[in-house]
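Visitor: I would like a close look at a single part of this model, with its surroundings filled in afterwards. Please keep it brisk.

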Amino acid sequence: MEIIDIVKDSFMFPTKNLKALVLYMVIMIACFACVAVGVVFAIFAFADSIAYLAGTLIFAIIAVLILFILLGYSIDIIKTGIDLQDEAPDFDWQNDLIKGIKAVIVDIVYFIIPAILTLFVAIVTNVPGNIIHMVNELNKTAVSTNGTVVASSLEMIPTYFITHLLGSVVTTVVVALLLFIIFSFIQYAANARLANTGSLSKALNFIEAFKDISKMGFGKVIATVVLMILITFAINAVLAYVYQQVSYLAILDIIVIPFFIFVDSRANGLLFSDMD
C-alpha cells in the first residue's frame, strides 16, 4: 500500500469499528479505575492495615492483567492490518492476555539493548568520571568562596574539565538517540512479526525484523512512521489547546487515547501487509 493509503485507512479504521472502540474504551476505564482504587487502598495502607495492603496488591494485579489484555488486543489490530481485514477482531481474553505479555517482553528486550549500549558508551566516554571530577572541582570552588558556589566562581574551574564533561555527555546523548530510534523501528517490525506469527522467538529475531524493514523499504517505513507521528502530534497539540481553554473537555481523552491506539496499531499492520 502507498503511504497516503496507509494513513487514510488507519484513521478510518476506528470509525468503522465503533463497537470494538467503545468496548476497548470501557476496558481501559476499568483499568484506570483499578489503579485509582489501588492508590486509595495504598494511602490507607499507611495506617498499618494489612487488609488495605492486600487490597492494593489485588487491584494492582487486576490492573496489570487488564493492561496486558489491552496490549494483546492492539496486536490483534496489527494482524487485521497485515491481513487487510476491515473488521476489528473480537476480544479473546485469554489469548489477548498471552499476546499482551509477549508484547511487553518484546518492548523490554528491544529497549533494554539500546539502554545497555548507551550505558557502555557512557562508561567508555567516562561520563561518570567527568561528573565526579566536576563535582570535586565545584566542592573546591565552594570552599574557596565560603561554601557558596556563585556564577563567577564557576569560572575558576579549569576549562578542560567542562570540555571533557560536555564532550562525553553530548557523545552519549547523540549515540543514545540514534540507538533508540534504530531499535524503535526494529521493534515496530517485531510487533508485526508477533501479530503475524504469534511467536515470541520470531518477534525477538533482530536480524529477521531488520530484514522485514529492508523488504518494505527503509524510506517507506521511516516516512510512514514520521508522518503518523506528525499527524498525531498536530491533533494532540490542537486538543491540548482546547483543553487549556475548556479544562473539562479533557475527559475526551477517554475516547482519544483508544482511537489513536487503534490508528497506530492499524498503521503498523498495513505497513507490513504487502511484504514480499
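Visitor: What percentage of the contacts in the protein with a separation of 6 or more comes from residues 24 or more positions apart? And please take me closely through helix α1, residues 3-16.

Guide: The share is 78%: that is how much of the contacts with a separation of 6 or more comes from residues 24 or more positions apart. Keep in mind that this is a predicted model. The protein averages a pLDDT of 86, and 88% of its residues score at least 70. Your chosen part does well here. Confidence is highest in α1, at 94. It is lowest in helix α6, residues 151-154, where the mean is 49.

First, the frame around α1. The protein has 11 helices and zero strands. From the N terminus on, the element order is α-α-α-α-α-α-α-α-α-α-α. There are 276 residues, and 37% of them count as buried.

Now the helix itself. Two packed helices are described by the angle between their axes and the distance between the axes. Take α10 as a partner of α1. Helix α10 spans residues 218-245. It packs against α1 at an angle of about 40 degrees, and the two axes are 10 Å apart. Angles under 35 degrees would count as roughly parallel, and 65 to 115 as roughly perpendicular. At this angle, therefore, α1 is oblique to α10. The crossing of the pair is right-handed.

Which residues make that contact? On the α1 side they are Ile3, Ile4, Ile6, Val7, Ser10 and Phe11. On the α10 side they are Lys220, Ala223, Thr224, Leu227, Met228, Ile231 and Ile235. By class, the contact holds 10 nonpolar, two polar and one charged residues. Lys220 of α10 is on that list, and lysine counts as charged.

Next, α11. This helix covers residues 253-271. Its angle with α1 is about 135 degrees, and the axes lie 8 Å apart. Roughly antiparallel needs an angle over 145. So α1 and α11 are oblique to each other. Here too the handedness is simple to state: α1 passes α11 in a right-handed crossing.

The α1 residues in this contact are Ile6, Asp9, Ser10, Phe11, Phe13, Pro14 and Thr15. From α11 come Phe259, Phe260, Phe262, Val263, Arg266, Ala267, Leu270 and Leu271. The class split is 11 nonpolar, two polar and two charged residues. Compare the two lists for α1. Ile6, Ser10 and Phe11 appear in the contact with α10 and also in the contact with α11.

Now step outward, beyond α1. Glycine 38 sits in helix α2, residues 18-45. It is buried, with a relative accessible area of 9%. Apart from neighbours within four places in sequence, glycine 38 touches Thr56 and Phe59. Its C-alpha atom is 7.9 Å from that of isoleucine 58, a residue 20 places away along the chain.

Leucine 71 belongs to helix α3. Its relative accessibility is 28%, so leucine 71 counts as partly exposed. With neighbours within four places set aside, leucine 71 is in contact with Gly100 and Val104. A further pair is leucine 71 and isoleucine 98, with C-alpha atoms 9.6 Å apart and their positions 27 residues apart along the chain.

Asparagine 191 lies in helix α7, residues 159-197. It is buried, at a relative accessible area of 12%. Its contacts, outside four places in sequence, are Ile75, Ile78, Val106, Asp107 and Asn268.

Two loop residues deserve a check of their backbone angles. Leucine 84 lies in the loop between α3 (50-82) and α4 (93-124). Its phi is near 60 degrees, a positive value in a residue other than glycine. Asparagine 126 is in the loop between α4 and α5 (127-144). Its phi is also positive, at about 65 degrees, though it is not a glycine. Asparagine 126 counts as partly exposed, at 35% relative accessibility.

Back to α1 to finish. It is oblique to α10, and oblique to α11 as well.

Key: Residues numbered from 1 in each chain as written. Predicted model: local features only at pLDDT ≥ 70, side-chain atom pairs only at ≥ 80, totals over all residues. Heavy atoms only, no water. Axes fitted to C-alpha atoms, helices over the stretch in contact; angles between N-to-C directions. Helix = DSSP H or I, 4+ residues; strand = E, 2+ residues; numbered from the N terminus. Left-handed = near helix turned anticlockwise from the far one by under 90°. Contact = heavy atoms within 4.5 Å. pLDDT = per-residue confidence, 0-100. Buried < 20%, exposed > 50% of the residue type's maximum accessible area, 1.4 Å probe, protein only.
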